[in-house]
Amino acid sequence: NLFWFQREPFLSLNPACFSLPQGGMYVFQLFDYYAASGVCLLWVAFFECIAVAWVYGVDNFYDAIEDMIGYRPNAWMKWSWSFITPLLCVGCFVFSLVKYKPLTYNKVYEYPDWSIGVGWTLALASMICIPMVVVIKIIQSDGPLIERIKAVAAPLGGASSRPVDHRPKGMSAELAYPLDPNGNNGLIKPTHTIVETMM
């Protein structure tokens, strides 16, 4: 038996399988237009910049890059991560929505309304996850709403990837702690440890 290694048949639900029938190119363009480019990528890029620069902390990220490449990048990178890139992403996102045109195939075939609905469902399936997790984290926190938002969005104290003995001389061994939404002197110690591997 040539297929002695196969025990059970395997069914793949890969989107490439939809390209087998005659309408495969239509389905592929639907996936490509709504789920894999443009609005979705700008949405994710915006939230990545916010997470790196404002939640993890741009200084912590800057230190981690110095540890990895051996020198500090140009200081304008901090401004880029914190302000320039998020603003450009939001601007392009809004522009994409304002200039939105429904998908067509070869500038001739216009997709029906139900398929455009499927396309937006594909797009929202990946886009909705990010704000949904933020809302869940805010709901799970304790304290008044504004304190919950501050606690979720505050950079983690002690999140620097540098061991204490490798920090610059001016840098204290204790980094700032995140806000305590319960009001315990406004500070709490982190309950987790961030571990990074170094080659």
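Guide: A helix here is a DSSP run of H or I with at least four residues, numbered from the N terminus. The model is predicted, and that applies to every value below.

Visitor: How is the packing of two helices described in general, and what are the values for α2 and α3?

Guide: Two packed helices are described by the angle between their axes and the distance between the axes. In this model, helix α2 covers residues 39-69 and helix α3 covers residues 76-98. Their axes lie 9 Å apart, at an angle of about 175 degrees. An angle over 145 degrees counts as roughly antiparallel, so α2 is roughly antiparallel to α3.

Visitor: What kinds of residue make up the contact of α2 with α3?

Guide: The contact residues divide into 21 nonpolar, 3 polar and 2 charged.

Visitor: Which residues form the nonpolar patch on the surface?

Guide: A residue needs over 30% relative accessible area and no salt bridge to join a patch. Here the patch consists of Trp 54, Trp 79, Phe 83, Ile 84, Leu 87 and Leu 88. Together they have about 680 Å² of accessible area. Helix α3 gives the most to this patch, with 5 residues.

Visitor: Where is Ile 84 found, and is Ile 84 buried, partly exposed or exposed?

Guide: Ile 84 belongs to helix α3. Partly exposed runs between the 20% and 50% cut-offs; Ile 84 has a relative accessible area of 43%, so Ile 84 is partly exposed.

Visitor: How many salt bridges does the model have?

Guide: A salt bridge requires a side-chain nitrogen of Lys or Arg within 4 Å of a carboxyl oxygen of Asp or Glu. By this rule the count is 4. One of them pairs Lys 78 with Asp 59, where the closest N and O atoms are 2.8 Å apart. This pair links distant parts of the chain, 19 residues apart, with Lys 78 in helix α3 and Asp 59 in helix α2. Lys 78 is partly exposed at 23% relative accessibility, and Asp 59 is partly exposed at 44%.

Visitor: Which residues are joined into one network by salt bridges that share partners?

Guide: Consider the individual bridges, then the network. Arg 72 forms a salt bridge with Asp 63, the closest N and O atoms being 3.2 Å apart. Arg 72 also meets Glu 66 in a salt bridge, at 2.5 Å from N to O. Shared partners therefore join Asp 63, Glu 66 and Arg 72 into one network.

Visitor: Are Asp 63 and Arg 72 buried or partly exposed?

Guide: Buried means under 20% relative accessible area. Asp 63, at 7% relative accessibility, therefore counts as buried. Arg 72, with a relative accessible area of 39%, is partly exposed.

How values were computed:
Residues are numbered from 1 along each chain as its sequence is written. This is a predicted model: local features need pLDDT of at least 70, side-chain atom pairs count only at pLDDT 80 or more; totals for chains, interfaces and linings use all residues. Side-chain values use heavy atoms; hydrogens and water are left out. Axes are lines fitted to C-alpha atoms, for helices over the stretch in contact, and angles run from 0 to 180 degrees between N-to-C directions. Angles under 35 degrees count as roughly parallel, over 145 as roughly antiparallel, 65 to 115 as roughly perpendicular and the rest as oblique. Ala, Val, Leu, Ile, Met, Phe, Trp, Tyr, Cys and Pro count as nonpolar, Asp, Glu, Lys and Arg as charged, and the others, Gly among them, as polar. Patches are made of residues with over 30% relative accessible area and no salt bridge: like charges are joined within 9 Å, nonpolar side chains (Val, Leu, Ile, Met, Phe, Trp, Tyr) within 5 Å. Accessible areas come from the Shrake-Rupley method with a 1.4 Å probe; for residues, only the protein chains shown count as cover. Buried means under 20% relative accessible area, exposed over 50%, partly exposed in between (1.4 Å probe, protein chains only).
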